[in-house]
Amino acid sequence: MSRGGALMGKRALVTHVTESSHTDREGFVVDPFWGASTPAGIAALPKLVEKAGQDELRKALVFAVEHLGGAEVSPEELEGVDHALAVGVVELVAAAVKARADEETILADMAGLGIAGGAAKDVAMAVSRGRGRMMDHGDEAGRGFPRLEETRWRVDVTISNTALSRVLKPTVLMQLTLSDGSVRRVEVDAEKLQQLRFHAASALSSMQAMR
């Protein structure tokens, strides 16, 4: 891999992998379908599902699919279902649909979360059956510019090049997949990454202040 025109150097791949992440064949960090950090509602699901049982989970899944599909849902449909379980399941199903996670991915990530067997299969089946309706509703609600669908990243370190025998300069390579199917790759050094983080935080702060 070359950098800076004719300068070419040896490069070492360095990855930081969270507990529920793994790396693919290209060295990119692959996170579970809900992202690098597990939302609190999803993290609580293993204990909630174990306590509630499969029947209550199935009720929550039906509610989640109908709610995310734009259907009117009556409170009676959630009768007997723990509120925290319902919220977590809605968050889980929404993440699976947004990430376009297939059945194999859902089952693997659910097992990594601590939910396996029949409960994991119920989640995968609910997402598979209701995916089209939920995606159609999401598209109608969010038409406009392409959305960010997936982010993959890795850290490369330039060990040496033709000019210097010892460089040890890290760069971050990000691959962004958009909702229109296009893929963008961005490579930045540590300084540019800090600037990107600063500007993103400033933009988010300004958006919060406008509300």
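Q: Which side chain of opposite charge is nearest to D109, and how far away is it?
A: In this predicted model, D109 is a residue of helix α5, which covers residues 103-113. D109 is buried, yet has no salt bridge. A salt bridge needs a side-chain nitrogen of Lys or Arg within 4 Å of a carboxyl oxygen of Asp or Glu. The nearest side chain of opposite charge is R131, at 11 Å.

Q: Which backbone nitrogen does the side chain of D109 reach?
A: Let's look at what surrounds D109. Not counting residues up to four places away in sequence, D109 touches P32, F33 and W34. One of these offers a backbone nitrogen at 3.0 Å from the D109 side chain, and that residue is F33.

Q: Which helix supplies the largest share of the largest nonpolar core?
A: This core holds 34 residues, and F33 and I106 are among those with the most contacts inside it. Helices α2, α3, α4, α5 and α6 each supply at least two of its residues. The largest share, nine residues, comes from α4.

Q: Which residues is I106 in contact with, leaving aside its neighbours within four places in sequence?
A: I106 is one of the residues with the most contacts inside the largest nonpolar core, and so is F33. These two also touch each other. The full set for I106 is F33, A96, A101, V123, A124 and V127.

Q: How many residues apart are D122 and R58, whose side chains meet in a salt bridge?
A: Their salt bridge has an N to O distance of 2.9 Å. D122 sits in helix α6 and R58 in helix α3, so the pair links distant parts of the chain. The separation is 64 residues.

Q: Of D122 and R58, which counts as buried and which as partly exposed?
A: Buried means under 20% relative accessible area, and partly exposed lies between that and 50%. R58 has 40% relative accessibility and therefore counts as partly exposed. At 12%, the residue that counts as buried is D122.

Q: How many salt bridges does a search of the whole structure find?
A: One joins D122 and R58. R154 and D156 meet in a salt bridge too, at 3.4 Å from N to O, and both of these residues are buried. For the whole structure, the search finds two.

Q: How many helices and strands make up the secondary structure of the protein?
A: From the N terminus on, the elements run β-β-β-α-α-α-α-α-α-β-β-β-α. Counted up, that comes to seven helices and six strands.

Notes:
Residues numbered from 1 in each chain as written. Predicted model: local features only at pLDDT ≥ 70, side-chain atom pairs only at ≥ 80, totals over all residues. Heavy atoms only, no water. Helix = DSSP H or I, 4+ residues; strand = E, 2+ residues; numbered from the N terminus. Buried < 20%, exposed > 50% of the residue type's maximum accessible area, 1.4 Å probe, protein only. Lys, Arg positive; Asp, Glu negative; His and termini not counted. Polar contact = N/O pair within 3.5 Å; in protein donor to acceptor, adjacent residues only side chain to side chain. Contact = heavy atoms within 4.5 Å. Core = buried A, V, L, I, M, F, W, Y, C linked by side-chain atoms within 4.5 Å.
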